[in-house]
Amino acid sequence: MAIGVQCDMATPALAKYGSHHVKENFLKPTIAGDYVACLGVSEVGSGSDVSSIKSRAHVDGNEWVINGGKMWTTNGTQADWMCMLVNSNDNPNPHRSKSLICVPMNTKGVSVHR
């Protein structure tokens, strides 16, 4: 499962849609085996139903501010970064309000629990 998350879940969207910065700083070292990735989707109260996640992100200056939490995160305790699914706009269609954001696990405010 851990290899599947790394190769088949956390990185394909980055390869297809990621900016040059994201590809250089997250995708390239992950594919090289230097970084471990995890996928942040499941939440308390939502499980893995992506349409009902509550985590939100907004831009403040040149940074994303993210509020919310994830659970049942395969690779979470070993990961260098999380490919995190968040609500990033107010589109009333819950399938059109999402973004994937690369979050280094050593970012201020990120905590990991077993």
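**Buried sites, unpaired cysteines and unusual phi angles**

Biologist: Why is Asn-75 called buried?

Modeller: Asn-75 has a relative accessible area of 10%, and buried means under 20%, exposed over 50% and partly exposed in between, with a 1.4 Å probe and protein chains only, so Asn-75 belongs with the buried residues. This is a predicted model, in which local features need pLDDT of at least 70, side-chain atom pairs count only at pLDDT 80 or more, and totals for chains, interfaces and linings use all residues. Residues are numbered from 1 along each chain as its sequence is written, and side-chain values use heavy atoms, with hydrogens and water left out.

Biologist: What makes the phi of Asn-75 worth a remark?

Modeller: The phi of Asn-75 is positive, at about 75°, although the residue is not a glycine. Most residues other than glycine have a negative phi. Asn-75 is placed in the loop between S3 and S4, where helices (H or I, at least four residues) and strands (E, at least two) are DSSP runs, numbered from the N terminus.

Biologist: Where does Trp-72 lie, and is Trp-72 buried or exposed?

Modeller: Trp-72 also sits in the loop between S3 and S4, and its relative accessible area of 65% is over the limit for exposed residues, so Trp-72 is called exposed. Like Asn-75, Trp-72 is not a glycine and yet has a positive phi, here of about 50°. The loop between S3 and S4 therefore holds a buried residue, Asn-75, and an exposed one, Trp-72.

Biologist: How do you know that S2 and S3 are paired?

Modeller: Two strands pair if DSSP finds at least two bridges between them, and five bridges join S2 (residues 56-60) to S3, so the requirement is met. The two strands run antiparallel. Among the bridges, Arg-56 has Asn-67 of S3 as its partner, while Ala-57 is partnered by Ile-66 of S3.

Biologist: What joins S2 to S3 in the hairpin, and which residue in the turn has a positive phi?

Modeller: The hairpin leaves two residues between S2 and S3, and Gly-61 in the turn has a positive phi of about 70°. Another glycine, Gly-33, takes a positive phi of about 90° just after H3.

Biologist: How do you know that Cys-38 is in no disulfide?

Modeller: The structure holds zero disulfides, and for Cys-38 the nearest cysteine sulfur is that of Cys-83, 8.9 Å away. A disulfide is a pair of cysteine sulfur atoms within 2.5 Å, so the distance from Cys-38 to Cys-83 does not qualify. The sulfur of Cys-83 has its closest cysteine sulfur in Cys-102, at 5.4 Å, which is too far for a bond.

Biologist: What makes Cys-38 and Cys-83 count as buried?

Modeller: The relative accessible area is 0% for Cys-38 and 1% for Cys-83, and both values fall under the buried limit, so both cysteines are called buried.

Biologist: Why is Tyr-35 called partly exposed?

Modeller: Tyr-35, in the loop between H3 and strand S1 (37-40), has a relative accessible area of 32%, which lies between the two limits, so Tyr-35 is neither buried nor exposed. Tyr-35 and Gly-61 are 26 residues apart along the chain, and their C-alpha atoms are separated by 28 Å. In H3 itself, the buried residues include Val-22, Phe-26 and Leu-27, together with Pro-29 and Thr-30.

Biologist: What is the accessibility of Gly-40, and how far apart are Gly-40 and Leu-100 in sequence and in space?

Modeller: Gly-40, which is placed in strand S1, has a relative accessible area of 0% and is therefore buried. Gly-40 and Leu-100 are 60 residues apart in sequence, whereas their C-alpha atoms are 9.0 Å apart in space.

Biologist: Which elements have the lowest and the highest mean pLDDT?

Modeller: Helix H1 (residues 2-9) has the lowest mean among the elements of the chain, 68, and S2 has the highest, 96. The pLDDT is the predictor's confidence in each residue, from 0 to 100, so the predictor is on average most confident in S2 and least confident in H1 among these elements. Over the chain the average is 91, and 94% of the residues score at least 70.
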